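Hi everyone, thanks for making time for this. I'd like to walk you through one structure today, going from the overall picture to a few individual side chains.

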Amino acid sequence: EFRVMAAEPSPNEIGIIDANTMVFVDWDETPEFEKIHIVPFQDTLPHAYAFDVFNDYLKPYLTKNKHMRFGVNDQFTYQGVQFKVVCCEPVGPARIGRNTTIYCEGVLHPSLRNLLPPELLEQLSHLPPGLQMLLLNTEALAGGYEERLIEVQEMLSRRRGLTQETIERVNQNRWADIKADHPQTQCMVCLSDFDDEDQVRKLPCGHVFHLPCIDEWLRRCTDCPICKANVDRAVRHY
């Protein structure tokens, strides 16, 4: 099986190969998957008629894109149905070949983690677990997944947040010096208990966090992780 990768003039134009055409041939060294599991998002599946996920959607898409390279968390859409690669062997990038076993059992619900593109999921994986949980939390938003998805993408891309100069204006204390006045005993970013010698920041709303934890958050977002009070406005009017 062959594929035209490039041509002069453009391969989109019709032409012929004759005795004067220079032809270059190279092997596609992309490995093939042994197994791959591709799952649709439940909210994108049709409801008005019966269908077969593999034969009606997945197989036609893969047939049209035989040389497509995939990796874990990659997503694609075919005829309105959105799919995601949830696992594969090897990890990839690789392509689906004649000997690849394809699984498509199950459905995905539209959680923020499932909707984020691979590059942002990679950024998310390096953050503290509590910060991941706060970023992916949708309970405080009535706007739904789309609004929260945009907000999380902006946070992970560092497009919103406070300058370091503004962050430094937020109260900084040793936990032992203020703990008597605060019922809070745990930093909700890293999910660890405060120790007496820990340096913490107390936001204008009254919530307290480890200094490095909240600084990382505030570089991405201007609101308190717990109550969503705007820190920027409060600091400027302090």
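Let's begin with the whole chain: of its 238 residues, 37% are buried. Please keep in mind throughout that this is a predicted model. The secondary structure consists of nine helices and nine strands. If you take the contacts in the chain with a separation of 6 or more, 61% of them are between residues 24 or more positions apart. As for the outside, the chain exposes about 15,000 Å², and carbon and sulfur atoms supply 51% of that area.

Now to the aromatic side chains. Which residues form one aromatic cluster? They are Tyr61, Phe70, Phe76, Tyr78 and Phe83. Counting ring pairs with centres within 6.5 Å, we get six aromatic pairs. Take Phe70 and Phe76 to start with: their ring centres are 5.7 Å apart and their planes sit at 55°, so this pair is tilted. The tilted label fits because that angle falls between the cut-offs, with stacked pairs under 30 degrees and edge-to-face pairs over 60. Both Phe70 and Phe76 are buried.

Phe76 has another partner, Phe83. Here the ring centres are 5.4 Å apart and the planes are at 20°, so the pair counts as stacked. Are these two side chains buried or exposed? Phe76 counts as buried because its relative accessibility is 6%, and Phe83 is buried with a relative accessible area of 0%.

Phe76 also leads us to Val81, which touches it along with Pro40, Thr44, Leu45, Pro46 and Tyr57, leaving out residues up to four places away in sequence. Val81 lies in strand β4, which covers residues 81-89. With a relative accessible area of 1%, Val81 is buried. For a sense of the backbone spacing here, the C-alpha atoms of Val81 and Val53 are separated by 9.3 Å, and the two residues are 28 apart along the chain.

Next, a histidine. His37 lies in strand β1, residues 35-40. What does its side chain have close by in the way of polar atoms? The backbone oxygen of Glu105 lies 2.9 Å from a polar atom of the His37 side chain. Glu105 is also among the residues that His37 touches, and the others are Lys84, Val85, Val86, Cys87, Tyr103 and Cys104, again not counting residues up to four places away in sequence.

On to charges. Side chains of opposite charge can pair when their charged atoms come close. How many salt bridges does a search of the whole structure find? The search finds seven, and I've picked three to show you.

One of them joins Asp177 and Arg174, at 3.0 Å from N to O. Asp177 is exposed, with a relative accessible area of 52%, whereas Arg174 is partly exposed at 28%.

Another joins Asp196 and Lys179, at 2.8 Å from N to O. Both residues lie in the loop between α7 (175-178) and β8 (199-202), so the pair ties together parts that are 17 residues apart in sequence. Asp196 is partly exposed, with a relative accessible area of 37%, and Lys179 is partly exposed as well, at 36%.

The third one on my list is between Arg201 and Asp215, where the closest N and O atoms are 2.6 Å apart. This pair links distant parts of the chain, with Arg201 in strand β8 and Asp215 in helix α8 (residues 211-218), 14 residues apart. Why do we call both of these charged residues buried? Buried means under 20% relative accessible area; Arg201 has 1% and Asp215 has 6%. Glu168 joins in here too: Glu168, Arg201 and Asp215 are linked in a network of salt bridges.

Let me finish on the surface. Phe2, Ile17, Val23 and Val25 make a nonpolar surface patch of about 530 Å². Of these, Val25 is found in the segment before β1. Val25 is exposed, with a relative accessible area of 67%, whereas Val81, the valine from earlier, is buried at 1%.

That's my tour. Thanks for listening!

Terms used:
Residues are numbered from 1 along each chain as its sequence is written. This is a predicted model: local features need pLDDT of at least 70, side-chain atom pairs count only at pLDDT 80 or more; totals for chains, interfaces and linings use all residues. Side-chain values use heavy atoms; hydrogens and water are left out. Buried means under 20% relative accessible area, exposed over 50%, partly exposed in between (1.4 Å probe, protein chains only). Helices (H or I, at least four residues) and strands (E, at least two) are DSSP runs, numbered from the N terminus. A polar contact is a pair of N or O atoms within 3.5 Å; within protein, one must be able to donate a hydrogen and the other to accept it, and residues adjacent in sequence count only if both atoms are side-chain atoms. Contact means heavy atoms within 4.5 Å. Accessible areas come from the Shrake-Rupley method with a 1.4 Å probe; for residues, only the protein chains shown count as cover. A salt bridge is a side-chain nitrogen of Lys or Arg within 4 Å of a carboxyl oxygen of Asp or Glu. Patches are made of residues with over 30% relative accessible area and no salt bridge: like charges are joined within 9 Å, nonpolar side chains (Val, Leu, Ile, Met, Phe, Trp, Tyr) within 5 Å.
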